[in-house]
Amino acid sequence: MRLLQINKLYHPWIGGVEEVVRNIAEGLNDRVKVRVLVCQPKGRGTRETVNGVEVFRAGSIGIYSSMPVSFSFPFLLGKLSKDADILHFHLPFPLATLSYLLVRPKGKVVVWWHSDIVRQKNMMRLYRPFLTAFLKKVDKIMIATAEHIESSRFLGAFRDKCEIVPFGIDVAWLCPSHETREEAAKIREKYGSQIVLFVGRLIYYKGVEYLIRAMKDVSARLLIVGQGALENRLRALTAELQLGDRVVFLGRVADERMPAYYHSCDVFVLPSIACSETFGIVQLEAMACGKPVVNTDLPTGVPRVSRNGETGITVPPADSAALTAAINRLLRDSDFRQTCGRNARKRVETYFTAPRMIEDIYRVYEKVLG
């Protein structure tokens, strides 16, 4: 089987979708001929091998409205798709769908629908007919939860093509080694005995501003791991609220150090406010480390990942007071916190492991190829 995965970007770029693409490529590389086609964030195109996977990065003049702008991408798609049995697109990625309609490559087409395009409404008016034309040609659409269909403005018409494939993570990577435990202890020694953790890009739909406001009435330290366009604004908000002693911006943290941060925290928070957040893989990573999660009641798969009252607490989106109450309850009630943590780890091990995801994906490929 010859597979071409198509996405905006690839490792070492940090993002939930990019991590899924990487897990698929590396997880299937021993039994499928895998190639990956993506763009550079900015710069000339390259061809390289990353952890045994052949990766083609089309040259790009930069990222605008969350999408790389690449003039060479359609030509690379046409070239690389000539001998591919399956073209696996990760959406949203308008450049890829438009390139497909332009090049019209052979091969079966599978889409992993990560989310709708939510914010760029003017662009969507122009793009919608092209996306609809593309989806009509697709053989299968993979979604992580049934809520992806119900919360989407597009998938209802293509319900018969949809296959539910839950995301999965490498649980072994998060198991605490002796070194991880030592570093986690040092983090707690540095930042205090009660730690709240956020991991993700600092962009609008993550809702970090509501989490920062919630910390006004929480006696703990908030560690923010990640970078993004809103970082300066969020730092200014922290200063305005006089929370500089309780909110710490850590920027990007290397992959090998992330388990220590997950294990050091008491509560993990995903305060997302828009349907662009359809799942939240970072929830799984925190849960695999036995940590309770505070998430938001979006009409997507987010509250299905970590369940209210079982593995954490779910609150209304954009509600700082509710975030405060949920965090404080978990910090003050150690029995409830530990029970949620144990349930969280068990839930990941049962439903959301990378090997299970890879097997589900492979079965979809086999079904598509008949």
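Tutor: Before we begin, let us agree that two residues are in contact when heavy atoms of theirs lie within 4.5 Å. Please keep in mind, too, that the model above is a predicted one.

Student: With that meaning of contact, which residues does Y262 touch, leaving aside its neighbours within four places in sequence?

Tutor: Once those neighbours are set aside, Y262 is in contact with L174, L197, V199, F268, V282, E285, A286, C289 and K291. Y262 also belongs to the largest nonpolar core, a group of 62 residues, where Y262 and L28 are the ones with the most contacts inside it. Helix 15, which covers residues 354–369, gives the most to this core, with seven residues. Apart from this core lies another, made of 37 residues, and F56, L91, F93 and W113 are among them.

Student: How should I read the overall form of the chain, and what does its radius of gyration tell me?

Tutor: A compact globule of 370 residues would have a radius of gyration near 21 Å, and because the chain has 21 Å, it agrees with that expectation. The C-alpha trace spans about 60 × 40 × 40 Å along its principal axes, and 58% of the residues count as buried. Among contacts between residues at least 6 apart in sequence, 68% join residues at least 24 apart.

Student: Is helix 2 mostly covered or mostly open?

Tutor: Helix 2, which runs over residues 73–80, is mostly covered, since six of its eight residues are buried, namely F73, P74, L76, L77, G78 and L80. These buried residues pack against strand 1 (2–6), strand 2 (33–39), strand 4 (53–58), strand 7 (86–91) and helix 3 (94–103).

Student: Which peptide bonds are cis, and where do their prolines lie?

Tutor: The general idea is that most peptide bonds are trans, and that most residues other than glycine have a negative phi. Here the bond from H11 to P12 is cis, with omega near 15 degrees, and P12 lies in the loop between strand 1 and helix 1 (16–28). The bond from L91 to P92 is cis as well, with omega near 15 degrees, and P92 is found in the loop between strand 7 and helix 3.

Student: What is the phi of N51, and what is the phi of S66?

Tutor: N51 is a residue other than glycine with a positive phi, near 50 degrees, and it lies in the loop between strand 3 (46–50) and strand 4. For S66, also a residue other than glycine, phi is positive and near 70 degrees, and its place is in the loop between strand 5 (63–64) and strand 6 (67–68).

Conventions. Residues numbered from 1 in each chain as written. Predicted model: local features only at pLDDT ≥ 70, side-chain atom pairs only at ≥ 80, totals over all residues. Heavy atoms only, no water. Core = buried A, V, L, I, M, F, W, Y, C linked by side-chain atoms within 4.5 Å. Buried < 20%, exposed > 50% of the residue type's maximum accessible area, 1.4 Å probe, protein only. Helix = DSSP H or I, 4+ residues; strand = E, 2+ residues; numbered from the N terminus. Rg over C-alpha atoms; globule rule 2.2 N^0.38 Å.
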